[in-house]
Amino acid sequence: SGGVCAEVRRPRRFLVLINPQSGKGQAQALFNTHVQHMLQEADITYTLQITERQNHARELVREADLSQWDAVVIMSGDGLLFEVVNGLMEREDWEKAIQMPLGVLPGGSGNALAASIHYYSGSQSVSGEELLVSCGFMLCKGLVSHMDLTSVCMASSPRLFSFLSLAWGFVADVDIESEKYRHVGAARFTMGTLVRLASLRVYKGKLAYLPAEESQSTPSQAQSTVSFTDGSNSSSVHSHMSRNLNCQNHLLHNSCNSNNAHKPNWTGESPVTTRGPTDSLLVPLDQPVPAHWTVVKEEDFVLVMAVYQSHLAEDLIAAPASRLKDGIIHLIYVKAGISRRALLRLFLAMEKGAHLSTNCPFVVYVKVRALRLEPFSPKGTITVDGEVVEYGPVQAQIYGSLARIIAG
Ligand code: ADP
Ligand code: MG
């Protein structure tokens with residue numbers, strides 16, 4: 001293929017997974033009303049599986065003979081896709097399995113990926129059932145694109161793969177606290193934000209990252225404590241980074257490992273039981289971050305969010321510049337000291353994706369390839385794709401175009 005249109009046949013045999021508990025509990029009814037007939041008219045056949053419990057979908061895609069289907073579609077929120085992505089990456093044949101085209105139908109209360117895909121299509125912003133219909137049409141058209149995934153490592157849990165976000169502080173707390181408002185649908189995040197604003201607090205910790213662009217100059221970088229005590233110089237940093245940029249779209253074939261550029265990017269010899277590519281940008285969590293990383297001077301935050309798609313919720317455009325496969329982690333953090341009123345203004349601006357151009361001095365936005373976060377307080381919440389994960393030190397690196405998704 002010339003690379004312009006690799007997909008000759010559109011996917012026509014779907015596995016459709018529905019989480020009956022997602023959103024207001026109407027996912028199955030919404031599917032029947034809005035999507036079923038569309039798929040029939042598009043000559044798409046499907047196996048319908050209603051999930052019975054958490055991790056049902058994850059186990060199913062981990063064990064199933066995937067050759068029966070051309071796509072795995074979820075009708076739920078982001079949580080069910082998180083299960084599917086991780087189930088695929090837990091397979092022995094993960095490298096082939098993660099090529100399975102995925103599809104999203106917004107049936108949950110947090111439908112960030114569905115909203116992102118609709119946004120990338122350039123269509124006018126919609127929500128609720130209109131977003132569902134738009135996503136249904138995209139499935140019928142069947143245009144398959146690549147999508148970035150991020151690998152997320154914690155101190156003692158198995159590595160996870162994430163398609164949307166890593167959050168700590170205000171955003172993570174709202175995400176989890178607002179689950180009790182799931183019955184109001186997508187408005188749960190607005191309600192949660194207002195409630196959390198009343199008990200606004202500071203989150204202490206250490207943040208470091210590998211910038212995506214060498215020439216990038218940000219306030220935090222200017223204050224960065226990075227020094228090249230190992231004798232390396234800016235030109236070795238340069239070559240390291242251009243190698244990272246070059247291999248971004250060829251991760252499955254080339255290595256990003258600066259120690260040995262010809263070593264395969266993943267190995268079977270690794271003592272680690274988790275499957276998937278080797279995180280060549282990361283060093284173990286008990287070692288300091290590499291010298292060429294940027295260490296953020298501030299240690300008092302209101303929120304830290306690393307997002308790889310545009311939306312954080314149907315009406316929250318956290319990273320308006322993000323694209324499906326830009327190979328970039330859009331890191332946004334808010335420093336402590338921001339007033340409640342300014343934070344509220346920020347979230348209101350985020351509904352249009354305008355929060356990054358408000359020149360609020362407490363907000364920092366930087367494009368990165370990898371990051372590490374080390375919270376200081378012994379208790380707290382970290383979320384990955386809106387799901388709670390192990391609390392404690394966490395680090396992540398992006399894999400450009402590792403997955404595939406049906407998008408418009
Ligand atoms: P929402 O956007 O409403 O939160 P999600 O798709 O995120 O919807 O699902 C919420 C949670 O429910 C996720 O953690 C998911 O793993 C879990 N889940 C999936 N299927 C079921 C089920 N049948 N019963 C209960 N929980 C489920
Ligand atoms: Mg959810």
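**Ligand 1 and selected residues**

User: Which side chain has an N or O atom 2.8 Å from a nitrogen atom of ligand 1?

Analyst: The side chain is that of Thr51, where an N or O atom lies 2.8 Å from a ligand nitrogen. Such a pair is a polar contact, meaning N or O atoms within 3.5 Å; within protein, one atom must be able to donate a hydrogen and the other to accept it, and residues adjacent in sequence count only if both atoms are side-chain atoms.

User: What am I looking at, and how is it numbered?

Analyst: The model is predicted, so local features need pLDDT of at least 70 and side-chain atom pairs count only at pLDDT 80 or more, while totals for chains, interfaces and linings use all residues. Residues are numbered from 1 along each chain as its sequence is written, chains are lettered from A and ligands numbered from 1 in the order in which they are written, and side-chain values use heavy atoms, with hydrogens and water left out.

User: Back to the ligand. Which residues do its oxygen atoms meet?

Analyst: An oxygen atom of ligand 1 lies 2.5 Å from an N or O atom in the side chain of Ser76. An oxygen atom of ligand 1 is also 3.2 Å from a polar backbone atom of Leu80.

User: How much of ligand 1 does the protein bury?

Analyst: The protein buries 88% of the 560 Å² that ligand 1 exposes when taken alone. Accessible areas come from the Shrake-Rupley method with a 1.4 Å probe; for residues, only the protein chains shown count as cover.

User: Which pocket is that?

Analyst: Ligand 1 occupies the second largest pocket. A pocket is an open set of points on a 1 Å grid over the protein atoms alone, where a 1.4 Å probe fits, with protein on both sides within 12 Å along at least five of seven lines. A molecule sits in one if more than half of its atoms lie within 2 Å of the grid points.

User: And which residues come nearest?

Analyst: Gly23, Gln54, Ser76, Glu83 and Glu387 come nearest among the 21 residues around ligand 1. A residue is near a molecule if one of its heavy atoms lies within 4 Å of it.

User: What is the chemical makeup of that shell?

Analyst: The shell around ligand 1 holds 2 nonpolar, 12 polar and 7 charged residues. Ala, Val, Leu, Ile, Met, Phe, Trp, Tyr, Cys and Pro count as nonpolar, Asp, Glu, Lys and Arg as charged, and the others, Gly among them, as polar.

User: Which helix gives the most to it?

Analyst: Helix H3 (residues 78-89) does, with 4 residues. Helices (H or I, at least four residues) and strands (E, at least two) are DSSP runs, numbered from the N terminus.

User: Asn111 next: where is it, and is it buried or exposed?

Analyst: Asn111 is in the loop between strand S4 (102-106) and helix H5 (112-120). Asn111 counts as buried because its relative accessible area is 2%; buried means under 20%, exposed over 50%, and partly exposed in between (1.4 Å probe, protein chains only). The C-alpha atoms of Asn111 and Ser76 are 7.7 Å apart, with their positions 35 residues apart in sequence.

User: What does the side chain of Ser109 contact?

Analyst: It makes a polar contact of 2.5 Å with the side chain of Arg188. Ser109 is in the loop between S4 and H5, and counts as buried at 2% relative accessibility.

User: Lys24: buried or exposed?

Analyst: Lys24 counts as exposed because its relative accessibility is 53%. Lys24 is in the loop between strand S1 (13-18) and H1. Its C-alpha atom is 6.2 Å from that of Arg182, 158 residues away along the chain.

User: Where does Asp385 lie, and what is its phi?

Analyst: Asp385 lies in the loop between strand S15 (382-384) and strand S16 (387-389). Its phi is near 55°, a positive value in a residue other than glycine. Asp385 is buried, at 3% relative accessible area.

User: Last one: what lies 2.8 Å from the side chain of Gln395?

Analyst: The backbone oxygen of Val283 lies 2.8 Å from a polar atom of that side chain. Gln395 belongs to strand S17 (residues 394-406), and is buried with a relative accessible area of 3%.

Definitions and conventions:
On a 1 Å grid over the protein atoms alone, a cavity is a set of points where a 1.4 Å probe fits but cannot get out, and a pocket is an open set with protein on both sides within 12 Å along at least five of seven lines; lining residues have an atom within 4 Å of a point.
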